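Q: I would like a close look at a single part of this structure, with its surroundings described in connected form. Please begin from one residue and work outward.

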Amino acid sequence: MSVADLSPAAARVARALAARGVDCTVRELPASTRTAAEAAAAIGCRVEQIAKSIVFRGAVSGEPILVVASGGSRVDERRLAAAAGEGIERADPDFVKRELGFAIGGVPPLGHARPVRTFVDPGLLELDTVWAAAGTPHAVFSIAPGDLLRATGGELLEE
C-alpha cells in the first residue's frame, strides 16, 4: 500500500517515519487497533509488543507529554511526573486532538501537529519488534524499538 492509498492521518505518520529515515510500512487493517488488546489480536502479536501512546498534560505548563509504553504495562504516574519535572494529569480527548492532531485510539508516537516531549518505556527495548498506532484506530506500523526511540527523540523513562 502506497502513502497515496492511506487515510490522511496514516499518510501523515508514514511521511513522518520516512522523514526520520525509518524504513517501515504503515498498514491499515479492517479490525480496530484502538486498545492494546485489540491491536495485538488484529496484528497477531503479543500485547507486550504493542507500543501504546498515552498522552498526559503538564499540570503547571499545560504542555502535552507523551508516553510510549508496552501494551502490557501501566505508566507509573509518579515516576513520569518526576521525569517531567512537574505534576501531570491525564489529557482529555479534545486536548489530545487539538495539541497532537490525532484522536485517542490512533495516537502515533510521532508525526504530531507540534513538538511533544516524549518518554519511552525501557521495557520496549527488550523486544525485537513493536507495533504502534499510525494515526487512526485501524492503522499500525512495526518498528525496531531502538529505531522508535531514535525516531521519536524520546527520553527513556527510567525506573
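Is Thr136 buried or exposed, and what is its relative accessible area?

A: In this predicted model, Thr136 has a relative accessible area of 14% and is buried, because that value falls under the 20% cut-off. Thr136 sits in the loop that runs between strands S6 and S7. Its side chain comes within reach of the backbone nitrogen of Ala139, at 3.1 Å. Setting aside residues up to four places away in sequence, Thr136 touches Ser7, Ala9, Ala10, Glu28, Thr33, Gly105 and Gly106.

One of these contacts, Gly105, leads to the largest pocket. Gly105 is listed with Arg34, Lys52, Ser53 and Ile54 as the residues closest to the centre of that pocket, out of 27 that line it. The space in the largest pocket amounts to about 500 Å³. Two or more lining residues come from each of helix H2 (36-43), strand S2 (50-58), strand S6 (130-133) and strand S7 (139-143). Strand S2 gives the most, with six residues. By character, the lining divides into 17 nonpolar, six polar and four charged residues.

Arg34, among the residues closest to the pocket centre, is also touched by Ile104. Ile104 belongs to the loop between helix H4 (93-100) and strand S5 (117-120). With a relative accessible area of 43%, Ile104 is partly exposed. Its other contacts, not counting residues up to four places away in sequence, are Ala91, Asp92, Pro93 and Val96. From Ala40, Ile104 is separated by 64 residues in sequence and by 17 Å in space, C-alpha to C-alpha.

The contacts of Ile104 with Asp92, Pro93 and Val96 direct attention to H4. At the N-terminal end of this helix, Asp92 acts as a cap, with a side-chain oxygen 3.0 Å from the backbone nitrogen of Asp94. Within H4, the residues Phe95, Val96, Glu99 and Leu100 are buried. They lie on the same side of H4, because the arc they cover around the axis is only 100°. On the other side of the helix, Pro93, Asp94 and Arg98 are exposed. The cover over the buried residues of H4 includes helix H1 (8-19), S2 and strand S3 (64-70). Just after H4, Gly101 adopts a positive phi of about 85°.

Of the buried residues in H4, Glu99 merits separate treatment. Its relative accessible area is 16%, so Glu99 counts as buried. The side chain of Glu99 is joined to that of Arg114 by a polar contact of 2.4 Å. Apart from neighbours within four places in sequence, Glu99 is in contact with Pro64, Ala113 and Arg114.

His112 occupies the loop between H4 and S5, where Ile104 is also found. His112 is buried, because its relative accessibility is 16%. Its side chain reaches the backbone oxygen of Pro108 at 2.7 Å. Leaving out residues up to four places away in sequence, His112 touches Arg12, Leu66, Leu100, Phe102 and Val107. Among these, Leu100 is one of the buried residues of H4. The C-alpha atoms of His112 and Ala82 are 24 Å apart, and the two residues are 30 residues apart along the chain.

Notes: Residues numbered from 1 in each chain as written. Predicted model: local features only at pLDDT ≥ 70, side-chain atom pairs only at ≥ 80, totals over all residues. Heavy atoms only, no water. Helix = DSSP H or I, 4+ residues; strand = E, 2+ residues; numbered from the N terminus. Buried < 20%, exposed > 50% of the residue type's maximum accessible area, 1.4 Å probe, protein only. Contact = heavy atoms within 4.5 Å. 1 Å grid on protein atoms, 1.4 Å probe; cavity = no way out; pocket = protein on both sides within 12 Å on 5 of 7 lines; lining within 4 Å. Points joined across faces, edges and corners; volume = space filled by probe spheres on them. Nonpolar A, V, L, I, M, F, W, Y, C, P; charged D, E, K, R; others polar. Arc of directions from axis to C-beta. Polar contact = N/O pair within 3.5 Å; in protein donor to acceptor, adjacent residues only side chain to side chain.
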